[in-house]
Amino acid sequence: MSDKRVCSYMVTKTKTSTKTQSAAKNQPMTVADISQRIAHHLQFTQGEQVCADQKPAYWRATSLALNDIIVEKLQSTKTRQQQSEAKSVNYLSLEYLMGRLLANNLHNLDLYKNTEKALKDMGFELADLCEEGADLALGNGGLGRLAACFLDSLATLDYNAMGYGVHYQHGLFKQSFVDGHQVEAPDMWREFGSPWEICRLESSCTIPLYGYVEEIAQADGTTASIWHAGKMLKGVPWDIPIVGYNSQTVNALRLWECRADSAFDWEQFNNGDYLNAHQQQVAAETVSKALYPNDEHDAGKELRFVQQYFFSACSVQDIIARFENQYGALADSKNWSLFCDKVAIQLNDTHPTIAILELMRSLIDVRNIDWDNAWAICQKVFAYTNHTLLPEALEKWSVALFERVLPRHLAILYRINEAFLNNDVAALWPNNDDMRARLSFIEEGHERKVRMAHLCVVTAHKVNGVAQIHSDLVKQDLFPEFNQLWPTKLTNVTNGITPRRWLKACNPLLSNLLDSTIKGDWAKDLNRLSELENFADDEQFQQQFMAIKHQNKIALSKEIKSLTGVTVSPDAIFDVQIKRLHEYKRQHLNLLHIIALYRRLLADPALEMQPRVFIFGAKAAPGYQLAKEIIYATNKIADKINNDVRIQNKLKVVFLPNYRVSLAEKIIPAADVSEQISTAGKEASGTGNMKLALNGAVTIGTLDGANIEIAKEVGDDNIFIFGLTVDEVKALDTQGYNPYEYYEKNAEIRACLDWLDTDYFTPGVAGELSSIKNCFLSGGDPYKVLADFQSYADAHQALDIAYQNKKQWAKMAILNTALMGKFNSDRSIEDYVRNIWQLTVSN
Ligand code: 26W
């Protein structure tokens, strides 16, 4: 420990108190206040001990000190929200990709600079300490990160909102590479507890499942259903505060942890079988043990089904309990309609669909509300967001499994289905069995299945897609009959990203430049960035802007060196593709083009070409074989290219391991080029495209998802669009797509693919990369990589030429930053508020 540290610690130690003067007066925290709070936690929470590495202790003490301030604000927010009786939105999502919280919370409370000073006096760099925190990686990709951005915006805009999620013990797996292969290890984000969580024991709930339903005839001729559950789970909520940026509000993200219900299971198993009772505890804990690492693919496992139900039931019970706490019992008929005025529930994809059935059950069986009223409430309260059109991601659960785990819920589902088919469907398509079969919640076949999306669409008052083209396709291709039935139900809310995390916090150099160039707070009103248009041609500004990009590239080069051992030059074009690994996202198109560039360079070492570094970051679902093979092939090809002196460093390829939010925060500020190259019609929106463009990267992309809207904002001159359109992809499918044609006609494609059959990239083991060639040819190339290859390669050539003109490129980069105002998640939230949730601000 340095003298300086001992000294500052001793000084503050004498006057520790958790509530400091400036907090009490609601004034900004001074440096002294912050030091004092940190010292308090070092001494009393941590019981500070002298050890070699003090960073973890200081990170924790700083986080705890900040959390004290945040919790005070959370309490005052709660009081204010209760008094104003503002309607609340409850965001139900199985996934939240929160990333790290320290820097972001400090920025949002405007305490970053003072905390930096306080820690400097103690001998620490705040930026270094922030690196100590684990990412909260409780999600897979886009859907989970979107949920995190939305919570940030809801708090920033002072809306009354609660995020509900699962308190996974292990978030998304950690990824490393061993000889180029992906290896997974468990994520231990809270091995020693997290400083941000508060356990709300008082709000625990019990969740029944399994068992059977008894129907009892009532005196009035109706039947009452009594569910005799075979098992009980306990839901324990952990709250993570969500701090708004420069706002009055701190909301909460409530994450449910599953435990055995002791009263139930201990009693049943305790008699003479103490150890078996422990087994029950362990079994219950598996429900919230781990995040399912699949995106866009439904695993169909019972544990996942139980996880979804457990989560949905805890959340619904909690929503009702919070309502009844504030407004009185729901069984009181006056309060039914009040419930709809005060509560909105948003389903983040179909994963929490069972919440609909659970709310029906709670109202009918527990609160004696009649069917029609219960159904009317559900229809008013629920809305559903669709995030994907891929058929393999559309959830279907086997009826047999449903019946075994949730017999009462299945009975409710059947009744909703019957009413829907007999009333709505029969009215528009009388005597049409084909239509009944198509729209029924039940897919018939050798294994009957429940179509979760159908229940969502029929119940929800609004169903939205996440970018205009995606929403159009939801209407045209996915749910055309539902759109005919209810022409105003299907709508669009284009996704957005929070400019706080994705510019202010992750790119401090650019943020400072924007602060000094733009009037007002651009981080609160991102449209202000359009003022930069006036500077796009200004040479001095161009130089400043590009000098910052260069600084960020130097920082990323160091990170690349330490993560991969590869040396890259910050003078090269940094070309970035960061997202989950999936065939439809076409990392293998990027790879095929890299192979082509490499061939061209070998054929002509003097080839005129800007030096280029291709940077990948992607995790493959552990069971997704082809995705893993694409990672392996990229690593092997990278190895060969990076060590080939003949190409004089004109080409480098790096695959950064363990792509996650905190790594994205380092890559994005340093990117020159953003790869958004999915097959048209397959990427619902994309949000990485927005983050990269906001930080001054120029997009090379297809007319897919939000790329289309980005292109509209920045203009055709400031984006490189290539490839088939949605209509052309459809036409090609109708006509019959044959990848062999491209292989035969295009010599470059043929040479690149044949190269993969040799042992050139995998010395001594010919054919190790043949699976990649096969996925194009014998696999049928379902995502049309070969069809788009030439157009992609041409777009890259145009990009290369554009980059040579420094001023032209600077202008493009600046305009990309300037014109991203639309993609602020605050705008998305205001769209939801206006068109779907009908909230009012609570301040
Ligand atoms: C059942 C397994 C499973 C798990 C996750 C299926 C599907 C998912 C998600 C819907 C996948 C996902 O993250 N989709 C992405 O959502 C983003 C936010 O709207 C969009 O920007 C992406 O385009 C979309 O792929």
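**Close-up views of a predicted model**

**View 1. Strand β23 (residues 673–676) runs parallel to β24, the two being paired over four bridges.** The model shown here and in the following views is predicted. Within this pairing, Glu 675 is the residue that stands opposite Ile 700 of β24. Between the two strands the chain passes through helix α27 (residues 688–694), and the resulting β-α-β crossover from β23 to β24 is right-handed.

**View 2. Strand β24 (residues 698–701) has buried residues on either side.** Val 698 and Ile 700 point one way from the strand, whereas Thr 699 and Gly 701 point the other way. All four of these residues, Val 698, Thr 699, Ile 700 and Gly 701, are buried.

**View 3. Strand β24 also pairs with strand β25 (residues 720–721), in the parallel sense and over two bridges.** Gly 701 has Ile 721 of β25 as its bridge partner. Helix α28 (residues 707–714) joins β24 and β25 in making a β-α-β unit, which is right-handed.

**View 4. Helix α8 (residues 142–156) is largely enclosed by the rest of the structure.** This description follows from the burial of its residues, because 14 of the 15 in α8 are buried, that is, under 20% relative accessible area. The length of the helix is also as expected: at 1.5 Å a residue, its 15 residues should span 21 Å, and the C-alpha atoms at its ends are 21 Å apart, so the two values agree. Just after α8, Asp 158 adopts a positive phi of about 60°.

**View 5. Asn 368 takes a positive phi in the loop between α13 (354–366) and α14 (371–381).** Its phi is about 55°, although Asn 368 is not a glycine. The relative accessible area of Asn 368 is 66%; the residue therefore counts as exposed, a class that requires a value over 50%.

**View 6. Asp 781 takes a positive phi in the loop between α32 (770–776) and α33 (785–804).** Here phi is about 45°, and Asp 781, too, is not a glycine. Its relative accessibility is 2%, so Asp 781 counts as buried. The two loop residues thus fall into opposite classes, with Asn 368 exposed and Asp 781 buried.

Definitions and conventions: Residues are numbered from 1 along each chain as its sequence is written. This is a predicted model: local features need pLDDT of at least 70, side-chain atom pairs count only at pLDDT 80 or more; totals for chains, interfaces and linings use all residues. Side-chain values use heavy atoms; hydrogens and water are left out. The expected span of a helix is 1.5 Å times one less than its number of residues. Buried means under 20% relative accessible area, exposed over 50%, partly exposed in between (1.4 Å probe, protein chains only). Two strands pair if DSSP finds at least two bridges between them. A crossover is right-handed if, with the strands pointing away from the viewer, the path from the first strand over the helix to the second runs clockwise.
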